[in-house]
Amino acid sequence: MNHFLDIHSTPADELHKIIAQAGAMKQARLGRPKGALDDAQPLAGHMVALIFEKPSTRTRVSFDVGVRQMGGQTMVLSGKDMQLGHGETIADTARVLSRYVDLIMIRTFDETVLTEMAEYATVPVINGLTDRTHPCQIMADILTYEEHRGSIKGKKVVWAGDGNNVCASFLHAAGQFGFDLTFTGPAQLDPEDEFVGLARQQGSTITIERDPVKAVQGADLIVADTWVSMHDSQSSKERRHNMLRSYQVNDALMAHAKPDALFMHCLPAHREEEVTSSVMDGPQSVIFDEAENRLHAQKAVMRWCLGV
Ligand code: CP
Ligand code: NVA
C-alpha cells in the first residue's frame, strides 16, 4: 500500500513515473469535455473520501473530477461536520473510513493528523496540504515546468517570499528531482532547516539570498505564494506584509531572471501583493497550466497509491 504523504518520502524513480503517467493521461484526453470518462477506468469500483479541514478550490475540484474521469466515486467531507472535529480520535476515524472507502485524501492543519491517519488507515492516504507541506501541488508544478521547458534537473528555481508549506515541498522536490533552489525572503520567514538540510544531503545547491535582485540572476523559474497562509493568524498580516513587501514578484524583478524564465504560483494569489497582475497575466506566467495540472498529476498519484 502506497501512501502519498510527501515528496521526500516517495522514491525518486516512482515520482518520475508518476509525472510521466500524468503527462500521458493528459495527452490521451486532449480536447474531450471535462466530464468525459478516460478510455481506461482504473478507479472503477473505487470510492474516494476527500476530507477538508481548510478551504480549497483547486484541490477539491481537481481530485473530485480526476476520480470521476477514472471511473471512481467520491465523497467530499468537511472536517468540522465529521466526528473528527468533535473529539473522535484520528486513529478511530482512519479505521472506520477504511471500512467504507478505498482511498483517503486529507487537507488538514497539523502534520500529525495526516501521519496518524496514514498509520491507522488500512487504505492509502494522500496529503492534500498541511501547515508544513503541499506535495500534490509540487507534482503539478514539475509536470508544468517539464511540459514547457523539458527536464527540471539542474535548473535554478527561485522561491520569493515566505518559506512556507509550498516552499517546503519545493525543497523536497529539489532533492528528488535534482534542481537547485534559491530562497529569497526575510530571515524570520526562512524555510525550516530540516527541509534545507534534506535537499542539500541529496546534492542540491540550496542558497539563501536576502537580496531578491541577486537571487533571481540566472533563474529558470520564479515561484511566489501568498504572504499569509491559511494556518497563519490574520493578526500577523500587517507584520508579514511589511516584512515581505520588497519580495514582490513584478516586471522589474522578472527582468533580472533568464529571459525565458517561467513564473509559477500555486494560487489563490493576492494580486498586487506577492505578485503583480502584469506578471500573473504576462507571457512568462504558467499559473493556469499549473492549476490544470493538479488534475492530471493527482490522477497519476491516485493510480500509484492504489496500484491500478
Ligand atoms: N493551490 C491549491 O492547493 O489551491 P486550493 O487551496 O484552492 O486547493
Ligand atoms: N501556502 C498556502 C497555500 C495554499 C494552496 C496556504 O497554506 O494557505
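# Contacts, ligand shells and strands

Q: In this predicted model, which residues is A219 in contact with, once its neighbours within four places in sequence are left aside?

A: Leaving aside those neighbours, A219 is in contact with K156, V158, A257, K258 and A261. The criterion is a distance within 7 Å between C-beta atoms placed from the backbone. A219 itself belongs to the loop that runs between α8 (212–215) and β8 (221–224). K155 illustrates how sequence and space can diverge here: A219 and K155 are 64 residues apart in sequence, and their C-alpha atoms are 7.8 Å apart.

Q: Why is A219 called buried?

A: A residue is buried if 20 or more other C-beta atoms lie within 10 Å of its own. A219 has 24 C-beta neighbours inside 10 Å, and therefore counts as buried.

Q: What makes L129 and L267 fall into their respective burial classes?

A: L129 has 28 other C-beta atoms within 10 Å and is therefore buried, the cut-off being 20 or more. L267 has 16 such atoms within 10 Å; that value lies between the limit for exposed, 12 or fewer, and the limit for buried, 20 or more, so L267 is partly exposed.

Q: What is notable about the backbone of L129 and of L267?

A: L129, in the loop between β4 (125–127) and α5 (135–149), has a positive phi of about 115° although it is not a glycine. L267, in the loop between β9 and α11, likewise has a positive phi, near 65°, in a residue other than glycine. The peptide bond that joins L267 and P268 is cis, with omega about 5°, and P268 is found in the loop between β9 and α11 (277–280).

Q: How do you know where ligand 1 lies with respect to domain 1 (32–131) and domain 2 (137–290)?

A: Ligand 1 is surrounded by S56, T57, R58, T59, L129, Q137, C266, L267 and P268. Domain 1 and domain 2 both give residues to this shell, so ligand 1 lies between them. By class, the shell around ligand 1 divides into 4 nonpolar, 4 polar and 1 charged residues.

Q: Which residues are around ligand 2, and how do they divide by class?

A: The residues around ligand 2 are L129, N164, N165, V166, D225, T226, S229, M230 and C266, and by class they comprise 4 nonpolar, 4 polar and 1 charged. L129 and C266 are listed in this shell and also in the shell around ligand 1.

Q: How far apart are the C-alpha centres of domain 1 and domain 2, and how many residues does each give to the contact?

A: The two C-alpha centres lie 28 Å apart. The contact takes 7 residues from domain 1 and 4 residues from domain 2, and the side of domain 1 that touches domain 2 divides into 3 nonpolar, 1 polar and 3 charged residues.

Q: What makes it possible to say that both faces of β8 are covered?

A: L221 and V223 lie on one side of β8 and I222 and A224 on the other, and all of them are buried. In a regular strand the side chains alternate between the two faces of the sheet.

Q: How do you know that β8 pairs with β5 and with β9?

A: Two strands pair if DSSP finds at least two bridges between them. For β5 (residues 156–160) and β8, 4 bridges join strands that run parallel, with A160 standing opposite A224 in β8. For β8 and β9 (residues 262–265) there are likewise 4 bridges, again with parallel strands, and L221 stands opposite L262 in β9. Both counts reach the cut-off, so both count as pairs.

Q: Which other strands pair in the parallel sense, and over how many bridges?

A: β5 and β6 (residues 180–184) pair in the parallel sense over 5 bridges, A160 having T184 in β6 as its bridge partner. β1 and β2 (residues 73–78) do so over 6 bridges, with Q73 in β2 as the partner of M47.

Q: Why are β1 (residues 47–52) and β6 (residues 180–184) called mostly covered?

A: In β1, 5 of its 6 residues are buried, while in β6 the count is 4 of its 5 residues.

Conventions:
Residues are numbered from 1 along each chain as its sequence is written. Chains are lettered from A and ligands numbered from 1 in the order in which they are written. This is a predicted model: local features need pLDDT of at least 70, side-chain atom pairs count only at pLDDT 80 or more; totals for chains, interfaces and linings use all residues. Helices (H or I, at least four residues) and strands (E, at least two) are DSSP runs, numbered from the N terminus. Two residues are in contact if their C-beta atoms, placed from the backbone, lie within 7 Å. A residue is near a molecule or strand if its C-beta atom, placed from the backbone, lies within 6 Å of it. Ala, Val, Leu, Ile, Met, Phe, Trp, Tyr, Cys and Pro count as nonpolar, Asp, Glu, Lys and Arg as charged, and the others, Gly among them, as polar. Domain bounds come from an automatic or database domain assignment.
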